[in-house]
Amino acid sequence: MAASAAWRRRGRRTQRSRRCIRMAPVPFTEEWMVAPRAAIRIPRGDVGESLIAGIDTSVPGRLKGRRNWHRERYCIAAFMRHLCATAPNVFPAELIRQQSPDFMLVSEVYTRALAIERTDASAVEFQDRLDAEATLSDPEAKFLPPHGSGSADTWRRDLRSAVQRKSSPNRWRYSVPGSARCLLAHELMESFMFVDDDEAHLARGVLADAQSTGIELDCIAVIRGSEVRVWAGKSAADLLRS
């Protein structure tokens with residue numbers, strides 16, 4: 001009887017332990033993106049590039065189920081593709097999904113990590129326009145984005161606002177100590193805004209202004225469409241080896 005009771009107790013413990021075991025969420029799915037902390041190792045070379053190329057970057061329409069994690073996934077995929085093309089020596093690396101900042105990239109090659117925080121780089125009023133567009137019955141009806149002599153100043157102003165929104169130390173409080181900080185600025189205005197000014201020059205000026213006021217930020221990557229189109233600051237490899 002005693003042996004039988006012991007086996008029953010062991011069986012109950014086994015059942016409880018099985019209930020506690022959860023399979024890790026599939027990377028870049030909703031469950032993975034909204035988890036308090038999740039990670040994936042990205043190899044170097046073709047295997048890593050194929051892994052990144054296979055990320056589902058679909059984003060529901062505005063007011064049709066779009067959530068913040070959709071945009072964060074879209075931007076981190078663009079950023080990782082950019083690193084594969086421009087800084088392949090960063091890999092292999094572990095990409096960690098978390099909060100404050102949104103992601104950490106921990107290279108197995110370099111000792112310094114990269115903290116990554118995403119934000120929108122378009123003015124609130126333009127985002128409100130896009131929300132209004134989504135409610136129009138005519139799918140072809142569009143509000144025209146602002147153009148003209150002041151558009152370069154507008155672009156620079158919006159980028160400065162994006163930097164300011166993410167300047168609080170709380171935005172980076174769970175960074176790996178000593179990590180470099182990169183702001184992913186997602187530009188929603190996907191049209192070519194101006195031709196007389198160098199966007200990279202403007203972005204470098206915004207970064208320098210931020211650093212001169214004590215904001216701890218090492219680089220800005222502006223995403224337009226599905227690509228990193230503007231990079232201000234040291235290269236990723238230089239940041240991680242410094």
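Me: Which helix gives the most to the largest nonpolar core?
Reply: In this predicted model, the largest nonpolar core has 41 residues. Those with the most contacts inside this core include I76, F79, M80 and W231. The helix that gives the most, with 10 residues, spans 68-86 and is α4.

Me: How many residues has the other core, which lies apart from the largest one?
Reply: W155 and W172 are among the residues of this other core. L207 and L217 also belong to it. The core that lies apart has 24 residues.

Me: Which strands are the edge strands of the open sheet?
Reply: The sheet has 7 strands in the order β1-β2-β3-β4-β5-β6-β7, with mixed pairing. An edge strand here pairs on one side only. The two that do so, at residues 38-42 and 227-233, are β1 and β7.

Me: Which residue of β7 stands opposite I223?
Reply: Strand β6, residues 219-224, pairs with β7 in the antiparallel sense over 6 bridges. Helix α7, residues 199-212, lies across β6 and β7 and runs at about 50 degrees to β7. Opposite I223 in β7 stands V228.

Me: Is H186 buried or exposed?
Reply: H186 is found in strand β5, residues 180-187. Leaving aside neighbours within four places in sequence, H186 is in contact with residues including Y74, R118, D120 and I223. Buried means under 20% relative accessible area. H186 has a relative accessible area of 7%, and therefore H186 is buried.

Key: Residues are numbered from 1 along each chain as its sequence is written. This is a predicted model: local features need pLDDT of at least 70, side-chain atom pairs count only at pLDDT 80 or more; totals for chains, interfaces and linings use all residues. Side-chain values use heavy atoms; hydrogens and water are left out. Two strands pair if DSSP finds at least two bridges between them. Helices (H or I, at least four residues) and strands (E, at least two) are DSSP runs, numbered from the N terminus. Contact means heavy atoms within 4.5 Å. Axes are lines fitted to C-alpha atoms, for helices over the stretch in contact, and angles run from 0 to 180 degrees between N-to-C directions. Buried means under 20% relative accessible area, exposed over 50%, partly exposed in between (1.4 Å probe, protein chains only). A nonpolar core is a set of buried Ala, Val, Leu, Ile, Met, Phe, Trp, Tyr and Cys residues joined through side-chain atoms within 4.5 Å.
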